[in-house]
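Work through the exercises below with the structure in view. Each task is followed by its solution.

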Amino acid sequence: MDSFAFHDGSITNLIENRTIDFRDDVNHSLQMHSSLVRRLSLESELEAHQGCVNTIAWNSKGSLLISGSDDTRINIWKYSSRKLLHCIETGHSANIFCTKFVPATSDELVASGAGDAEVRVFNLSRLSGRGAEETAITPSAHFHCHTRRVKKLAVEVGNPNVVWSASEDGTLRQHDFREGCSCPPVGSSHQECRNVLLDLRCAAKRSLSEPPKQPLALKSCDISTTRPHLLLVGGSDAFARLYDRRMLPPLSSFREKLSPPPCVNYYCPMHLSERGRSSLHLTHVTFSPNGEEVLISYSGEHVYLMDVNQVGGSAMQYTSGDVAKLWSFSPILNGVELQPLRADALDKASFRKSNRSSKFDKCRNLLQIAEKCLKEGSDYYHGVESCNEVLDGYGSKIDPMFKHDCLCTRAALLLKRKWKNDAQMAIKDLNQARRIDSSSFRAIYFMSEALMQLGKYKEALDFALAAQCLAPSNEVAERVEGIQKHLAAAEAEKSNKANDGAPKAEPRAGRVISLSDILYRSEANVDTSQGGPRAEREDSDYDEELELDFETSLSGDEGHEADSNVLHGSLNLKIHRRGDSVRETGVSNGSCGSPSSSTQNDKAIYQPERVIDMKQRYVGHCNVGTDIKQASFLGQRGEYIGSGSDDGRWFIWEKKTGRLIKMLLGDDAVVNCVQSHPFDSVVATSGIDNTIKIWTPAAPVPSMVAGGSAGPDTANVLDAMEGNQRRDYAVPVKLFCHLSFWRGFACMSSLKAHYILLSVLKASQLPTGYEDCT
């Protein structure tokens, strides 16, 4: 909302404050100031690749930019001239997914990881005098010990000797150049490398309450720049994990399948911790510049911010039992007994108001805007933004009763807007309101509506009856009657299913249909961890199991109008080759094949870990088409968040409030990578297009939108965000076609690929119109 002032003020005030606070680094503050961010526009496009640009990264000085692509080339660009310096033919046989400058090497060493499961290191000094023409050089280090795609590389500031690689084989490996520059040759007596730092092949969790026993395909990793012993990883489940490298066991071999080591912290929004959806996974994890926060991005979900540690109660930790407590009508919430708001608290509140009348007037005006949006039944997004401005910008300074009113209003607006997980966010707000005043009619009444949207009718009825006791009315009575009808219908359906015995064949809400047995037969019980043959490698950026996760529910948030051309729900197609279907022991039956771990689980009751909850959510983009989509901190202070999107745009939010302040058109299909320059107010992006876009604050007028590579973006911001929400709810098959989906079938004949997709469509019972995409 352009009418809101920004928390970083104006540049004029910032410069004037130098005379007051000399400790403030103006250069850091100006790099990503709101006045500059809102002027970002496309400056230039770097053209040289011949395929999707899957990875970009700056060197520490900001003088060079490295990129990797589907064309298996690494390009090195000079920042000052925006020109290509070097083009390296890497020798990779599949898409490059990650590239890095190795620190403290004068930018002479660069590393790459690819879909061929290999990590290669190149010395740029060998290119001296060769110019920008394509050059094939022998890698100075070559590691081929992973068995599946390498999705992310990590380096440590000041360490020129080690590169870490995260792979979908479930391991994170530590490659130390001092110990050797390549893996042992095939057939040698010491063929297996002992460089596995993290073995997470038995670490994935379907939900917080379940013990880890699924293979965790790693998608992303990061090392803290301020505390380099901290390592953050994310993969094919909902939980990001923080490890202390000093506390990990010695490096091991891939042949030795170990139990996952204990981690320092788990990170997951509470409302996602018990979903149990096999398709829910992380695509990117990263530390903030100061190392105190982590940012995680989900496939088919939003971007979330968390504190690294629970310090002074700023970060909320929870267990699996706390999730159910949030839904129950109980006088105790998270161990705190709820109390009505006392009269003396109201007196103190009014006293504090008089001391900060100007700030309170601003907050009151914002709340009035939100209440007007709620009353008129329109523009829910701007109403939510108004409440966000109050609660996230001034939450610690406003009075309890005013905060209570703002929480209830935001919850009501979220329940009306009905974007993905809005009902869950409303429940968080309403529980905060109940902590302020346990007898609040609005908080209790809106809780009944939120729980009803989530299909939790028993809990919704408890809150509706409590609201009826507090303030009897026809509206509340109708709510109670409606919930009772829903509850009776649910009980009747449950009884009918029990009487029928076997479940019916048609798809139901939340049901997962697996096509692995339809399309492939397991040919042999081959386990590469026991020395079995190595299967072919993949070159697409989709997951590797040929499985269809088809969920007809709307993840709890009901109320979207049906569209005959869109399948509402979640559709996730995963592809792999025959040899990979039994790559890990136990993968075929969905569990990890470690006898010792299963025995231990039988003997002892599993105690779920404590998890750190979100403190901010960033919405508006769409992340369903690729699993390499980044969410990044922008600037040296990390005060803004950037993320790519499946609609070809990329988004910038204010970190503190979650407020969207910029939306730019950056690709004809999908933006995957967003990387801020180390020092300048410059951002580089890349995606499905074969170019890299450079964005600078050159627009004459600040705005939320700006021209992009495909021409001026004049679309309404809210329309674009709502369109992305619909994409998150329903993933039409035509999206995969739009994202060069056939690239995933490159290893198959066209007839077989066509048969596979038609089998998927038939098994999922998609509308006939979707077959046109094939």
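**Exercise 1: a helix and its surroundings**

Check the length of helix 10 (residues 441–453) against the expected span. At 1.5 Å a residue, its 13 residues should span 18 Å, and the end C-alpha atoms lie 19 Å apart, which agrees. The expected span is 1.5 Å times one less than the number of residues; helices are DSSP runs of H or I with at least four residues, strands are runs of E with at least two, and both are numbered from the N terminus.

The model is predicted: local features need pLDDT of at least 70 and side-chain atom pairs pLDDT 80 or more, while totals for chains, interfaces and linings use all residues. Residues are numbered from 1 along each chain, and side-chain values use heavy atoms, without hydrogens and water.

Next, find how many residues of helix 10 are buried (under 20% relative accessible area, 1.4 Å probe, protein chains only). Step one: the count is 10 of 13. Step two: among them are Ile 444, Phe 446 and Leu 451. Step three: the buried residues pack against helix 8 (400–417), helix 9 (422–436), helix 11 (457–470) and helix 12 (474–500), with contact meaning heavy atoms within 4.5 Å.

**Exercise 2: a sheet**

Describe the order and pairing of the open sheet of four strands. The order is 6-7-8-10, and the pairing is antiparallel. Strand 6 (96–101) and strand 10 (141–143) are at the edges with a single partner strand each, so one side of each lacks a neighbour in the sheet. Pairing requires at least two DSSP bridges; strand 8 (residues 119–123) and strand 10 are joined by three. Arg 120 stands opposite His 142 in strand 10.

Methods:
Buried < 20%, exposed > 50% of the residue type's maximum accessible area, 1.4 Å probe, protein only.
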